[in-house]
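Thanks for making time this morning. I would like to walk through one model with you, going from the overall surface and fold to a metal site.

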Amino acid sequence: MADLIIRGGYVVDPSQDIEGTMDIEIRGGRVHRLAPHIEPRGRPTLNARGRIVTPGLVDLHCHFFEGVSHYGVNLEASMLTRGVTTAVDTGSAGSQTFPAFRSGFLDPARMTTRAFLNISAGGLLIDGLGENIDMRALRVGDAVDCYRANRDLLLGMKVRLSRNVVERSGGKPLDAALDASRTLRVPLMVHVGDTPDSLPKILKKLRPGDVLTHAFHGRGEGILDRRGRVRRAVWEARDRGILLDVAHGRASFSFDTLEAAMAQGLMPGNLSTDLHTHCINGPVYDFPSLMSKFIALGFPLAEVIRLSTQTAAAWLGMEGEIGTLRPGARGDVAIFRLREGRFVFTDSEGERRRGSRMLEATRVVLGGEPLRPSGKDKRRLARIFR
Ligand SMILES: [Zn+2]
């Protein structure tokens, strides 16, 4: 396990209310201490002068069942090199495909990885064919058995409820997912956006600890009523402890929705990318691009970092372990250049907002080991940040 001193960076760790220039000492792969000046005494060092240094990012919604699910992106090239050190796959695999997902992707990963289990037995396999259209795929018993056998890596159940995913199955996929998650006493992550059922009806069925993902989408059955006011059921859900997760994705994030909600005091509970093959070349690109988008929307830097580290770690029950630079935490660190310039950000609806700052991951440290983006990634970074 690695020792490392990260020197001279501008450290932002909202979990400890830390914002300032300091050194970080990592011993045996874990954070040992933060101090204004730490003598290297022959140990390896990483110069972070002029850079922003944060806990490794925690992405609560992404897809990395690469080559099997049509959504899957490469875990390391698309996430680790961009500062993400904990990745949670949300329902790419179901009970029938999870063993292969586990042995091929979760077990071998260098990063911290977790997953939600899709209530549909195959998971997200076929592009253009919703996994809940054929209800014979909703196998509650198989999901429960699979979950019990893989409890160490699973966080909860996942169900998608958009019209094109459920078609004539109506409320049955949600009921099946609720049945499994209640039997197991684990959280349920519900994907919304143009759902045939009304959002208040869906929210009423959720419990504290469940996740409403794609909460700020701009499609039918959203968090706003026809007059643009946050619906009462949404306030109630938030107050009951249901996490309002961003999960930007291809079709699931609207500047107009977020700005209207914020103007009424409703803030996102967590930032996540929903990174997958259909949004990696825009409008999401990567986690730092999403963070930059929220900076452009007026979120303070420290708040954006909090919503990209601490909130997901807390929801995962891993506070003190990830999403923080507290002594004893994993030595997972993201290092960014904050570029100044004129940038245009696009949401899932094609709306645009201007910004003047862009975070670009330059280095990532995993368990005290510094990594460097490969040449291929650098080319993509150049395209994103042109
Ligand atoms: Zn997703």
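Let me begin with how areas are obtained: accessible areas come from the Shrake-Rupley method with a 1.4 Å probe, and for residues only the protein chains shown count as cover. On that basis the protein exposes about 15,300 Å², of which carbon and sulfur atoms supply 46%.

Please keep in mind that this is a predicted model, in which local features need pLDDT of at least 70 and side-chain atom pairs count only at pLDDT 80 or more, while totals for chains, interfaces and linings use all residues. Residues are numbered from 1 along each chain as its sequence is written, and side-chain values use heavy atoms, with hydrogens and water left out.

Turning to the fold, the protein has 12 helices and 15 strands, where helices (H or I, at least four residues) and strands (E, at least two) are DSSP runs numbered from the N terminus. Along its principal axes, the C-alpha trace spans about 65 × 45 × 40 Å. For 386 residues a compact globule would have a radius of gyration near 21 Å, and the 20 Å of the protein agrees with this; the radius is taken over C-alpha atoms, and the globule rule is 2.2 Å times the number of residues to the power 0.38.

Of the 386 residues, 59% count as buried, meaning under 20% relative accessible area, with exposed being over 50% and partly exposed in between (1.4 Å probe, protein chains only). Among contacts (heavy atoms within 4.5 Å) between residues at least 6 apart in sequence, 73% join residues at least 24 apart.

Now to the metal: which residues coordinate the zinc ion? They are H61 (NE2), H63 (NE2) and D274 (OD), at 2.1 to 2.3 Å, where donors are N, O and S atoms within 2.8 Å of the metal (3.2 Å for Na, K and Ca), and since water is not among the atoms, sites may look incomplete. Along the chain, the donors follow the spacing H-x1-H-x210-D. The pair H61 and D274 links distant parts of the chain, 213 residues apart, with H61 in strand β6 (residues 57-62) and D274 in the loop between α8 (255-263) and α9 (287-296).

Are these two ligands buried or exposed? H61 is buried, with a relative accessible area of 1%, and D274 is buried as well, at 6%. H61 also touches residues including V88, K158, H214 and D245, and its C-alpha atom is separated by 6.0 Å from that of A247, 186 residues away along the chain.

How values were computed: Lists of a residue's contacts leave out its neighbours within four places in sequence.
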